[in-house]
Amino acid sequence: MKKIILLFTAFVSITFAQSKDPDLILKNVIQEFSTVKDYVADIKIKVDVKVLKVPETRAKIYFKQPDKIHIESEGFAMIPRKGLDFSPSSLLKDKYSAFYQKEDFVDGIKTAVVKVIPLEDNSNIILSTLWIDQTKNVIRKIESTTKTNGTFTIILSYNSSNKFPLPDSMTFQFDMSRVDLVPNEFNDRIEKKNNKKTLAGLVGKVYITYSNYIVNKGISDSIFEEKK
Amino acid sequence: MKEEVLSDEKIIEVQNLSKQFKEIRAVDNLSLNVYKGDVFGFLGPNGAGKSTTIRMLLSLIKPSGGNIKLFGKSLKENRIEILKKIGAIVEKPDFYGYMTAYKNMEILGKISGSNISKKRIMEMLELVGLHKRYKSKVKTFSHGMKQRLGLAQALLHEPDLIILDEPTTGLDPQGMKEIRDLIIYLSKEKKKTIFLSSHILYEVELVANRMVIIDKGHAKVEGNVSDLLNSNKLKVTFEVDEIEKAKLLINDTSWMKMLNSIVGNKLIFLLEPGEISFLNKLFVENNILVSAVIPTRSLEEYFLSITETVSK
Amino acid sequence: MIGLINIELYKIFRKWRTYIGFIAIAVLVSVIQVAMLVEGQRSINFMTHNLQQSFILVGNLLNGYLVSHLILNTLVIHIPFLITLVAGDLLAGEATSGTYRMLITRPVSRISIVTSKFLAGIIYTCMIIFFLAIFSLGLGLSIFGSGDLLVVQNGTIIVFSKNDVLWRFLLAYCFSSLGMGVVASLAFLFSSLVENAIGPIISTMAIIIIFIIISGINIEIFRAIKPYLFTNYMNGWRLFFDDPIDIKEIVKDSLILLGHIFLFFGSAALIFQKKDILS
């Protein structure tokens, strides 16, 4: 009996053993996402930032591999750049060095924490930490520190019914408190005028909800051309 | 003094009227009465207080003291009701130069609250000889034309009392005559009461039946024009020793008609200059001692003496 | 009263100086619109440059509403002068032209005369603001189109959805009329004191400029004075571009401005009632 239990345990461990090889983990994620050639989705954007009051906006997002993105919106929309393109290939397009840190849980789901350090000098990102769900091979959380734009955190949640590795919601959390939101000369005037708050520094969250995905139906390149 | 009045209804009643401008007392205890149908001459040299008085009559200026009654009612308490019955020109008439003569009249009529018809406006313009220029802008008008337009607006709403402050100022002799003729017409044909202010004695003499002369804000002389302006007669005072004898002597003679008044032992006559010596001779031949013959200056001389004093 | 007001409006619009205001607004608005057409996008990009490092900004920010909002911000500088040109002449102009005598000897009360003139001045003020609104919004929307409005209010960037903007502008312009009404009332008061329109125009503008300067200098004594200066409340139209709208503050500002209007008009009426007409 003991032998059976031991054997069973070993079998389960081998079968469900999660990889600790960071390159492999990342490769699996990239591979999973490569099943998405293109997609169109409706997005709802809600901004929760102290110094920004933006109404909830609706927009349409177009994506085509490897990194083409286009947003259409009737009204004003403020969308985090990093959160918009969560394709792993885009995140990892430059040379990098990765190492496995530990296991962690995100929303109760076990993930592997992988640190990614870009090796390119001109990369704006200093360090990224990825929480990767190895069961679905999707990124559930990203934490990045940038040279010029402070730090940001992206939390992605996925609908289990969606066969593609596309999130149904994303929370983009950022801290730009050391960055002047408005260029200095304007900033000085505003500071002097109000004597209190300034537009220097931006901390908050942006919530994006995705719906009505149309995946791999083909999108013309002309959509992504910048209209002048 | 005899006063000839056409009516005993007082249209203007001024009692002890005064106006103080800082240190200057422009009008000082002025009293006068204007009766219905009068053409009342308000005479005085420049700076006498004529315009100030007129402005008080029209409530442009508030009196410092005294009362003004118009049509038997207090001006202070019945201003609007009274002004409905008054048409006036105060000094040089000014209009909205960028508007036509017709438009000015129309607007002034509307402000008065009256429904002045186009016909009425044209009638008034025709009366003053401006009907052919009704479409012209007032800024193109000469001084005389503005004066006539001023008269037209004063008559627009058929007032009972017309107040004219130096209406012939700046006009040529022809213009002056036209204004005078109009005043006479308004008085005789339209039975209007006219209050005419002027510093020209001759002008007043021709149209007014009653008048007052003011100087330094108060009345100097008031009365009937024909009495005051008998320009060929002098007031001569004969001071005699036997007054009863003198009275008997001139009784039933033509000299009696020239006797103005008796004060103590003085007989005051209104005489032609040439008659003085005859009367003196009569007294002397009848052994009445004449201790003094004092000719009083005529009204014209009096008025001129006032103006000379002012100009000096 | 309506008849008198009509007459006063007729007189106002028969003078060439009245049209200076409308022409000046048309020229200024056009110049600003053209400048924004040429340089506007660059300015917005510059202003949002740092923000654009981390965010994609989608939508037509350079739209008619943004430009109109910018123009409204210049309100306090040029509009008061255009208002005083007319309001300062309402009473003093009659003295200059000598028409006081003709006017006041009409069988109409002085209070009716002064009220009708004042109301005509207020109507003119509202017409100027209305013209600014129509020209600014009309031209702006036709050149730049519609879109969401981005404003900076008390250190916060607020974006209003385009369906949520027009009513704010309408109320802001209404409030501006109130603010400019104070300017007109002050000029009117000065006009009742003198016999030449130059004095009221210069005095009113001098007071506005001095008050604005005092309000802008950040020292203790001026901060204490500031709440008592009416210019402090003239920019209350900005409260309509806040989220949420501070209704209490708007009501307070409106009442203060209305109070100033009544005070200035009341004083002018009293002066006019007692005034000796010597011109």
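Here a student and a tutor talk through a predicted model of three chains, A, B and C.

Student: What makes you trust or doubt chain A in this predicted model?
Tutor: Look at the confidence score: the mean pLDDT of chain A is 79, and 79% of its residues reach 70 or more. Residues 183–200 of chain A are another matter, with pLDDT below 50. That stretch still has 29 contacts in the model beyond near neighbours in sequence.

Student: Okay, what is chain A built from?
Tutor: Five helices and twelve strands. Chain A has 228 residues, and 29% of them count as buried.

Student: How do you know which way S7(A) and S8(A) run, and what makes them a pair?
Tutor: A pair needs at least two bridges. Strand S7 (residues 109–118) and strand S8 (residues 125–133) of chain A have five, so they count as paired, and they run antiparallel. One of the matches is A:Val116 with A:Ser128 in S8(A). The two strands form a hairpin with six residues between them.

Student: What does S8(A) do with S9(A)?
Tutor: S8(A) pairs with strand S9 (residues 138–146) too, in the antiparallel sense, over eight bridges. Here A:Ile132 stands opposite A:Ile139 in S9(A). This hairpin has four residues between its strands, and A:Asn137 takes a positive phi near 60° there.

Student: Let's try chain C. Why is C:Ile256 called partly exposed?
Tutor: Count its neighbours: 18 other C-beta atoms lie within 10 Å. Buried takes 20 or more and exposed takes 12 or fewer, so a count of 18 falls in between and C:Ile256 is partly exposed.

Student: Where does C:Ile256 sit?
Tutor: In helix H13 of chain C, which covers residues 247–274. From C:Ile256 to C:Lys275 is 19 residues in sequence and 28 Å in space, C-alpha to C-alpha.

Student: How do you know whether chains A and B touch or stay apart?
Tutor: Contact calls for C-beta atoms within 7 Å. The nearest C-alpha atoms of chain A and chain B are 48 Å apart, and the two chains do not touch. Two pairs of chains are in contact, and chains A and C share the most contacts.

Student: What makes up the meeting of chains B and C?
Tutor: There, 23 residues of chain B are in contact with 20 residues of chain C. On the chain B side, helix H2 (79–83) and helix H3 (101–111) each supply at least two residues. H3(B) gives the most, with four. By type, this side has 14 nonpolar, three polar and six charged residues.

Student: Which domains does chain B have?
Tutor: The assignment gives domain 1 (1–85 + 160–229), domain 2 (94–158) and domain 3 (234–301). The C-alpha centres of domain 1 and domain 3 of chain B lie 35 Å apart.

Student: What makes the largest nonpolar core a core, and which residues touch the most other members?
Tutor: Its members have to be buried nonpolar residues joined through C-beta atoms within 7 Å. The core has 186 residues, and those touching the most other members are B:Ala152, B:Ile163, B:Leu196, C:Ile83 and C:Phe188. Helix H9 (residues 166–191) of chain C gives the most, with 14 residues. Domain 1 and domain 2 of chain B each provide at least three.

Student: Which residues is C:Phe188 in contact with?
Tutor: Beyond its neighbours within four places in sequence, its contacts include C:Ala87, C:Leu90, C:Phe118, C:Phe264 and C:Ala268. There is also a second, separate core of seven residues, among them B:Ala246, B:Leu267, B:Phe269 and B:Leu271.

Notes
Residues numbered from 1 in each chain as written. Chains lettered and ligands numbered in written order. Predicted model: local features only at pLDDT ≥ 70, side-chain atom pairs only at ≥ 80, totals over all residues. pLDDT = per-residue confidence, 0-100. Nonpolar A, V, L, I, M, F, W, Y, C, P; charged D, E, K, R; others polar. Domains from an automatic or database assignment.
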